Amino acid sequence: MFMPVWKCNVCGYEIDTTEAPDPCPSCGSSSDEFYVKGHHTRDRLGGQADLLIINGSKHRAHNSAYFASVAEEAAKAMGVSYRLLHLADYKIEPCWCCYSMNEELCRLPCRNAYDDVHKLHNLILGAKAVIIVSPINWNGMSVTLKTFLDRLTCIENMYVIDETLPLAGRTLGIVVNGHEDGAYKTAFDIFIVFQILGFILAPYGIAYSTHGRQHKPDTDHQYFSEDEVMKTFVKNVTHNVIELARIGVESRMEIKPSCE
């Protein structure tokens, strides 16, 4: 009898068994975080879409993934082409900080062609809008998302290289969730990166929800999934992002960069 090898997408724990364990014996993640080894989704990065919905959590089947699915539902209802990406599915290495050695080295395509980020770059460059969904980790974004955003530096630096602004005028939405405090700080940490890239935050383009430290973290998912107000807010953010992107600001005005 064939016995698949299940691997946890969060911590890398592996086990030979007929079904994925629930929870993961190593990190406590649910069975939804497991995949059969050799059948990972990280290579499925072909094609383009007008809207990218990016789950910046290390978990691809938890709270941020839920809110990303709500945004996906809204995008589908509005008839826009979209892609939902879970950063946890892909190999994303830290920035090499080439700029610190020579600013000419920090450019497109990124010099690190050995992970999946150059494919993600292509998706972002082809999209008209991006919605970032992030958990709160110590009053800030997840390290998974921060590492990815660091790798957008080569796009921002193209103005230094050839005075182009590859992403200026694109539209941004932000959705944040967490157990405790730090929702707006996390949102603005994300916004600052995209502002430097030339993105425009959609009107009412931020939605956030926290459960509170008086509750146990393992009750958060049920709370979020039953929060109809937050669900409406996420759908509204998605609507506003799509509507602003349809205006095509980058084609209607001359955009000039200022302070980084």
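Helices are DSSP runs of H or I with at least four residues, numbered from the N terminus. In this predicted model, T186 lies in one such run, helix α6, which spans residues 183–196. This briefing covers the surroundings of T186 and then the salt bridges, of which the count comes to eleven.

**The environment of T186**

- T186 has a relative accessible area of 0%, and it is therefore buried, the cut-off being under 20%.
- A polar atom of the T186 side chain lies 3.5 Å from the backbone oxygen of G140.
- When neighbours within four places in sequence are left aside, the contacts of T186 are S134, P135, I136, N139, G140, M141 and V176.
- G140 thus appears both in this contact list and as the residue whose backbone oxygen lies 3.5 Å from the side chain of T186.

**Salt bridge between R60 and D89**

- R60 and D89 form a salt bridge in which the closest N and O atoms are 2.7 Å apart.
- R60 belongs to the loop between β4 (51–55) and α1 (63–77), and D89 to the loop between β5 (82–86) and α2 (117–126), so the pair ties together parts that are 29 residues apart in sequence.
- R60 counts as partly exposed because its relative accessibility is 25%.
- D89, at 3% relative accessibility, counts as buried.

**Salt bridge between K235 and E73**

- The salt bridge of K235 with E73 has its closest N and O atoms 3.1 Å apart.
- Because K235 lies in helix α8 (residues 228–247) and E73 in helix α1, this pair ties together parts that are 162 residues apart in sequence.
- Both partners count as partly exposed: K235 has a relative accessibility of 28%, and E73 one of 42%.

**Salt bridge within helix α3**

- D150 and K146 meet through their side chains in a salt bridge, at 2.7 Å from N to O.
- The two residues are four apart in helix α3 (residues 143–150), so about one helical turn separates D150 from K146.
- D150 is partly exposed, with a relative accessible area of 28%.
- K146 is likewise partly exposed, its relative accessible area being 38%.

**A salt-bridge network**

- K7, E14 and K37 are joined into one network by salt bridges that share partners.

How values were computed
Residues numbered from 1 in each chain as written. Predicted model: local features only at pLDDT ≥ 70, side-chain atom pairs only at ≥ 80, totals over all residues. Heavy atoms only, no water. Buried < 20%, exposed > 50% of the residue type's maximum accessible area, 1.4 Å probe, protein only. Polar contact = N/O pair within 3.5 Å; in protein donor to acceptor, adjacent residues only side chain to side chain. Contact = heavy atoms within 4.5 Å. Salt bridge = Lys/Arg side-chain N within 4 Å of Asp/Glu carboxyl O.
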